[in-house]
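Here is a note for you to read beside the sequence and the structure, point by point. Please keep both in view, and find each residue in turn as it is named.

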Amino acid sequence: MSSKPLPILPGATLGILGGGQLGRMFTIAARTMGYKVMVLDPDADSPAGQMADVHLQADYGDHAALKRLGEACAAVTTEFENVPAASLIELAAHCRVSPSAAAVAIVQDRSHEKSWLREHGFATAPFELINSEADLEPALANVGAPALLKVARFGYDGKGQARIDTPDEARAAFRGFGGQPCVLEGFVRLEREISVVLARSDTGECALFPIAENRHDNGILDVSIVPARVTDTLAQQARAMARAVADQLGYVGVMAVEFFVVGGRLMVNEIAPRPHNSGHYTLDACVTDQFEQQVRALAGLPLGDPRLLSPVAMVNILGDRWQEGGPHWGTLLAHPNIKLHLYGKQAARPGRKMGHFNVLDTDAAAALALAERMRDAL
Ligand code: AMP
């Protein structure tokens, strides 16, 4: 690898695989700091492509495009876990790549991710790996009903998941997913869901953002509340576990660890090798936001201060809003303590993340109350 000396400073070109909203916010942060940005995404009109200096319109496995990206950029990162690990390896022949292909390969497949968590002593919901129909009945007996059958790869926002009560339902769901490898998970009684977004540098320095408390609707994040309403002990445990996950993965970059709180104890749900939806509150409420932090970790700069400046509630704006006559932006923007972020997506499909807003207030309860009022008024 023809690696450039670290830190990589403004004026250099940074690259990102994926042109969605996470790539867009990375691009804005990088350009604000004076870097040039090259985005690789197959879509002609992607949220990040709109903001980038250069948009390479090609597939993630396109060798010529990867070579061009790797040669033009001092460093390349990713905005999503489903990028082929082979593409990251290919890029690493030309430039600095973070996170590593090895880390992404573990977390992009639920079977590998859950097995890795278990082997490394992190508590999870009970689970069994499913590779064939014959695995289903004994797995359901082990994890207990009700359970969730989840496809191992390419599932997100509750997609590729089915609730299972009986072996017959499990077989029907498995066939419905085309017989692809799955994970069968015991359905746990959630008291709360929380997440920790953190950055880790090459030297092992870690900066953890404050814990977010997350509420989902139909498997999709609806609201994040910060600070999370958890005890100090639980917060400390979550931070320690998130950090241990990053350390043991040898992770470099920004990542998120999602937790379930069950019976007062933590279970790791998922690891995301990138900034996370539950970290969007950092854009307006922290000294450094998660995308600047991604730039810093990628460029080998010292990490920024993740300190919270104000209690905040973040609300996702889904495409469903457009079905009902379009969002009332005026209502939202009439509030001086609400910050709107839209992703530049043209087609507003139900369930599609179109943007989000952050409500900053004197305490989390006040921020949440206004956030819910605005979500319903939108
Ligand atoms: P996932 O895509 O696996 O993060 O699942 C999306 C959402 O479904 C989670 O944030 C939870 O709200 C819910 N969920 C997922 N797995 C379980 C489980 N094993 N028990 C209870 N709820 C779950």
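1. I begin with a pair of side chains that is easy to find in this predicted model: K67 and E71 meet in a salt bridge, with a distance of 3.2 Å from N to O. Why might these two residues be considered together along their helix? K67 and E71 are four residues apart in helix α2, which covers residues 63–72, and so they are separated by about one helical turn. By the rule applied here, in which a side-chain nitrogen of Lys or Arg must lie within 4 Å of a carboxyl oxygen of Asp or Glu, the count comes to 20 salt bridges.

2. The domain assignment divides the chain into domain 1 (13–97), domain 2 (126–186) and domain 3 (190–377). Between domain 1 and domain 3, the contact takes 23 residues from domain 1 and 24 residues from domain 3, while the C-alpha centres of these two domains lie 23 Å apart. The area buried between domain 1 and domain 3 is about 1,800 Å², and carbon and sulfur atoms give 64% of that area.

3. How many salt bridges are counted between domain 1 and domain 3? The count is two. Elsewhere in your reading of the salt bridges, please also look at R96 and D202, which form a salt bridge whose closest N and O atoms are 2.8 Å apart.

4. The next point concerns enclosed space, since the structure holds one cavity of 30 Å³ or more. About 40 Å³ of space lies in the largest cavity, and the residues that line this cavity are T77, T78, S98, P99, Y251, G253, V254, P273, R274, P275 and Q294. Two strands, β4 (75–78) and β14 (253–262), each supply at least two residues of this lining. When the lining residues of the largest cavity are sorted by character, they divide into five nonpolar, five polar and one charged.

5. Turning from the cavity to a pocket, the second largest pocket has a volume of about 260 Å³. The second largest pocket is lined by 13 residues, and D217, D222, L318, D320 and R321 are those that lie nearest its centre. The elements that give two or more residues to this lining are β13 (220–226), β16 (312–318) and α11 (320–323). How do the lining residues of the second largest pocket divide by character? There are four nonpolar, three polar and six charged residues in the lining of this pocket.

6. The last two points concern the backbone, and one general remark is helpful before them: most residues other than glycine have a negative phi, and most peptide bonds are trans. The peptide bond from L6 to P7 is cis, with omega near -5°, and P7 has its place in the segment before β1 (13–17). The peptide bond from A145 to P146 is also cis, with omega near -5°, and P146 is found in the loop between α6 (136–143) and β7 (147–151).

7. Finally, please check the phi of N218, which is positive at about 60° although this residue is not a glycine. Where along the chain does N218 have its place? N218 sits in the loop between β12 (212–217) and β13, and β13 is one of the elements that give two or more residues to the lining of the second largest pocket.

How values were computed: Residues numbered from 1 in each chain as written. Predicted model: local features only at pLDDT ≥ 70, side-chain atom pairs only at ≥ 80, totals over all residues. Heavy atoms only, no water. 1 Å grid on protein atoms, 1.4 Å probe; cavity = no way out; pocket = protein on both sides within 12 Å on 5 of 7 lines; lining within 4 Å. Points joined across faces, edges and corners; volume = space filled by probe spheres on them. Nonpolar A, V, L, I, M, F, W, Y, C, P; charged D, E, K, R; others polar. Domains from an automatic or database assignment. Contact = heavy atoms within 4.5 Å. Buried area = accessible area lost by both parts, 1.4 Å probe.
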